[in-house]
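Here are a few notes to go with the model. Have it open while you read, as the points go residue by residue in places.

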Amino acid sequence: MAKTPVQFRLNGTDKAVFVDGGENLLNALRRGVGDMSAKFGCGQGTCGTCTVLIDGEPQLACLTLAETCAGRAIETALGLADGPSLHPLQAAFMEHFAAQCGFCTSGMLMAAKALLDRNPSPTREDVAEAISGNICRCTGYEPIINAILDAASKRGGQASGGQGHARV
Amino acid sequence: MTVEVKTFGSMNEAAAALASNRAARFFSGGTLLMRAINEGDTTIATLVRASDPAYRQIRSEGARITIGAGVRMVDILANRDLAFLHPVARVVGGPAVRTMATVGGNLFAPSPYGDLAAALLALDATVMVQGAYGGAQQMPLEQFLSGRDRAGSGGLVSSVSVPRPASPDALRFRKVTRVRPKGVSVLSIAAHLPVTGGRIAGARVAYGAMAPTPIRARAVERALEGRSLDAAGIAPALAAAAEGTSPATDALASAWYRREVVAIHLRRLLLGEGG
């Protein structure tokens, strides 16, 4: 069967890839584009390790039909760091030992980014809810929650006098 | 194995494409169908999609609200007219599922999934089914669900319509899970309990995960009629809580357990107790 060309933006760069009918976005990213940051865990939408942002919304790449991503903006964990500078979330994950085996980490980071993009000063409950679709079998979640809260407070601190503190 | 993806501009055309091909399935949010494809389900040869804007619209029309079958859980959560459904939409999957999962798809979710469908049952929702040859048929959700798993039932769900409840908290809902904040249902219960002069009149109670599809708890509804919402008033309803149910045994709970605990959760829902 013929392959279908799909074009989308990946972490700010235009990409074009040929996909098979019924191919999921995760496959298109890993095999088509070579972005290995999103992982294949369960293929069922249960584990969350393939979480990417599509037009700013967290979605599961393994359950997304690649063809439906034409013209859309996709963000993966590969696009988080700015050259040698880690994203505040990545730095916080490192400081708080929020990654052990690391398999859930890229999904956790993207779920956390989706949260902070919408809600820069989340409560602990907000964070737990935001990563509730992401399974981690190593950390017991507490270091991850702490890292996300820390990243949020540091981001708020950087925007001192701005939105971070203006919010009541 | 590859499948063919076909997108149509109208629900009519999509319904026709679906009817003309036994190996075609309608693709909505993908949270059910992509699972099957990822597992190598070879019975699916074609995915039919609809780009019809009405498929994703929420329309308030007087006393009723019509929700396009392609409306996602996050779309419900962003809509004030649907505030009565927010507590339900909020507990469907995790955040990355709620940006994908749709109202129409939830009607097809096998037990123990389908919490939203249970809530829609308690709201006395109707389903609009687009036929293959142009006609559309409206039917009660209960009737739709009872025929859902029959092979060749045909048609395409284009929207769901619910009467606007008197207040956003008129729908009571409880999802029982083993893990929080996100977990799959041991069971879920939704209830719409209009009270007139201290007495319940026209109760509608629905269960998720207590049968192969969400069901109305008819025995409970009958036992609540004319009663007051207090411990004594609801006692007959609790005694009838498991009547008419046929839950499954799965990784989350046994059928025995589900039947055993349903009355406890029904009591908590009816009396507004925590836990």
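**Notes on the predicted model**

1. Start with the helix pair in chain A of this predicted model. Helix α2 (residues 88–95) of chain A and helix α3 (residues 105–118) of chain A have axes that come within 10 Å and cross at roughly 125°. That angle falls outside both the 65 to 115 range for roughly perpendicular and the over 145 range for roughly antiparallel, so α2(A) and α3(A) are oblique to each other. Their crossing is right-handed.

2. Who meets whom there? From α2(A) come L89(A), Q90(A) and F93(A), and they meet T105(A), L109(A), A112(A) and K113(A) in α3(A). Sorted by class, this contact has four nonpolar, two polar and one charged residues.

3. Next, the interface. On the chain A side, 26 residues are in contact with 22 residues of chain B. The chain A elements giving two or more residues to that side are β4 (57–60), α3 and α4 (124–130). β4(A) has the largest share, with four residues. By class, the chain A side divides into ten nonpolar, twelve polar and four charged residues.

4. Over in chain B, have a look at R56(B), which sits in the loop between β3 (46–50) and β4 (58–61) of chain B. Is R56(B) buried or exposed? Neither, quite: R56(B) counts as partly exposed because it has 17 C-beta neighbours inside 10 Å, and buried would take 20 or more.

5. Last, the company R56(B) keeps. Setting aside neighbours within four places in sequence, R56(B) is in contact with G68(B), G70(B) and V71(B). I67(B) lies eleven residues from R56(B) along the chain, and 7.7 Å separates their C-alpha atoms.

Technical notes. Residues numbered from 1 in each chain as written. Chains lettered and ligands numbered in written order. Predicted model: local features only at pLDDT ≥ 70, side-chain atom pairs only at ≥ 80, totals over all residues. Axes fitted to C-alpha atoms, helices over the stretch in contact; angles between N-to-C directions. Parallel < 35°, antiparallel > 145°, perpendicular 65-115°, else oblique. Left-handed = near helix turned anticlockwise from the far one by under 90°. Contact = placed C-beta atoms within 7 Å. Nonpolar A, V, L, I, M, F, W, Y, C, P; charged D, E, K, R; others polar. Buried ≥ 20, exposed ≤ 12 C-beta atoms within 10 Å, placed from the backbone.
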